[in-house]
Amino acid sequence: MLEIKNLHVKLEEEDKQILKGVDLAVEAGSVHAIMGPNGSGKSTLSYVLSGRDGYEVTEGEATLEGEDILDMEPEERAAAGLFLAFQYPVEIPGVGNMTFLRTAVNAQRKARGEDEMSSTEFLKVIREKAKALNIDADMLKRPVNVGFSGGEKKRNEILQMAMLEPKMCILDETDSGLDVDAMKLVADGVNALRDAGRSFLVITHYQRLLDHIKPDVVHIMADGRIIKTGGPELALEVETQGYAHLLGEDA
Ligand code: ADP
Ligand code: MG
Ligand code: MG
């Protein structure tokens, strides 16, 4: 589904190399987790994949179902099936949540050459999906994320994901700042979307989210590279022993 080879990324404004040769292959239908200390480049990887400004790819490639995504505009990547749930969801004053979602869903359909969703169908689908995530009608009418609590913002990210039905979902620390109940709700939302044709890359600083979203593969990222790959037991190793022993004596 997603294949990253030898990806090197630097900041556009500064001569600072952040990703130093990332290799990663996420198979269709699988859930991969990336863990790693703060500052190792996890968010940078998700930003670069989603097409955010400010980063320059100096070497390497990234493909989604065999298609080069690094040359695409952010909206083309979304139409191709890529979705990023942000660590810090943005507030959009003046734009109703429902309007935002309807515009996003229909823009994606248009880009794929599909018909728009009718308002009746859209309402039916969004009500159903919002209900499953404990999102009430009031939250759907308010401006996107404005005044939402941390937990509400994260649930709203999962609602966006559920509405857009992406193929490759990247969740960047969607668990940070959540209490256990909200985290479980996010995990349930993700688990409900697990499907043979959909893959997840779950970036998390802590192991606890992975108790609820059981990953197939766990990667450890440090200093701009994947330094270790293993099964779910690797996350438990991090939990009990910390990163230091994985990083070696220098850490
Ligand atoms: P993580 O998500 O693993 O905590 P980040 O990708 O956020 O790591 O950051 C990796 C490194 O790159 C850090 O040292 C961070 O300070 C730096 N960095 C990332 N983006 C910028 C930026 N726009 N300006 C300056 N430094 C940045
Ligand atoms: Mg961080
Ligand atoms: Mg981060």
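This briefing describes the overall build of one protein chain, its two sheets and the surroundings of its ligand. The model is predicted. The protein chain contains ten helices and twelve strands. According to UniProt, in an unreviewed entry, residues 2-248 carry the feature "domain: ABC transporter".

**Overall build**

- Over residues 2-248, helix accounts for 38% of the chain and strand for 28%. The C-alpha atoms at the two ends of this stretch are 29 Å apart.
- A compact globule of 251 residues would have a radius of gyration near 18 Å, and the protein chain agrees with this because its own value is 18 Å.
- Taken along the principal axes, the box filled by the C-alpha atoms of the protein chain is roughly 60 × 40 × 35 Å.

**The four-stranded sheet**

- Four strands make up an open sheet with antiparallel pairing, in the order 2-1-4-5. The edges are taken by strand 2 (17-26) and strand 5 (67-68); each has a single partner strand, so one side of each has no neighbour in the sheet.
- Strand 1 and strand 2 are joined by a hairpin through five residues, and their antiparallel pairing extends over seven bridges. Within this pairing, H8 stands opposite K20 in strand 2.
- Strand 4 (residues 55-64) pairs with strand 5 over two bridges, also in the antiparallel sense. Here T63 stands opposite D68 in strand 5.
- Helix 1 lies across strand 1 (2-11), strand 2 and strand 4, and runs at about 70° to strand 4.

**The six-stranded sheet**

- A six-stranded open sheet has mixed pairing and the order 6-9-10-3-11-12. Strand 6 (82-85) and strand 12 (225-230) form its edges; each has a single partner strand, so one side of each is left without a neighbour in the sheet.
- From one strand to the next, the twist averages 20°.
- Strand 3 (residues 31-35) and strand 11 (residues 217-222) run parallel and are joined by four bridges. In this pair, A33 stands opposite V218 in strand 11.
- Helix 1 packs on this sheet as well, where it touches strand 3, strand 6, strand 9 (168-172), strand 10 (199-203) and strand 11. The direction of helix 1 makes about 145° with that of strand 9.

**The shell around ligand 1**

- The residues surrounding ligand 1 are L11, I18, G36, N38, G39, S40, G41, K42, S43, T44 and G54.
- By class, this shell holds two nonpolar, eight polar and one charged residues.
- Helix 1 (residues 42-50) gives the most to the shell, with three residues.

**Points to keep in view**

- Helix 1 recurs across these topics: it lies across strands of the four-stranded sheet, packs on the six-stranded sheet and gives the most to the shell around ligand 1.
- Both sheets are open, with antiparallel pairing in the sheet of four strands and mixed pairing in the sheet of six.

How values were computed:
Residues are numbered from 1 along each chain as its sequence is written. Chains are lettered from A and ligands numbered from 1 in the order in which they are written. This is a predicted model: local features need pLDDT of at least 70, side-chain atom pairs count only at pLDDT 80 or more; totals for chains, interfaces and linings use all residues. A residue is near a molecule or strand if its C-beta atom, placed from the backbone, lies within 6 Å of it. Ala, Val, Leu, Ile, Met, Phe, Trp, Tyr, Cys and Pro count as nonpolar, Asp, Glu, Lys and Arg as charged, and the others, Gly among them, as polar. UniProt positions are given in the numbering used here, feature names are shortened, and annotations may be inferred rather than shown by experiment. Two strands pair if DSSP finds at least two bridges between them. Two residues are in contact if their C-beta atoms, placed from the backbone, lie within 7 Å. Axes are lines fitted to C-alpha atoms, for helices over the stretch in contact, and angles run from 0 to 180 degrees between N-to-C directions. The radius of gyration is taken over C-alpha atoms; the globule rule is 2.2 Å times the number of residues to the power 0.38.
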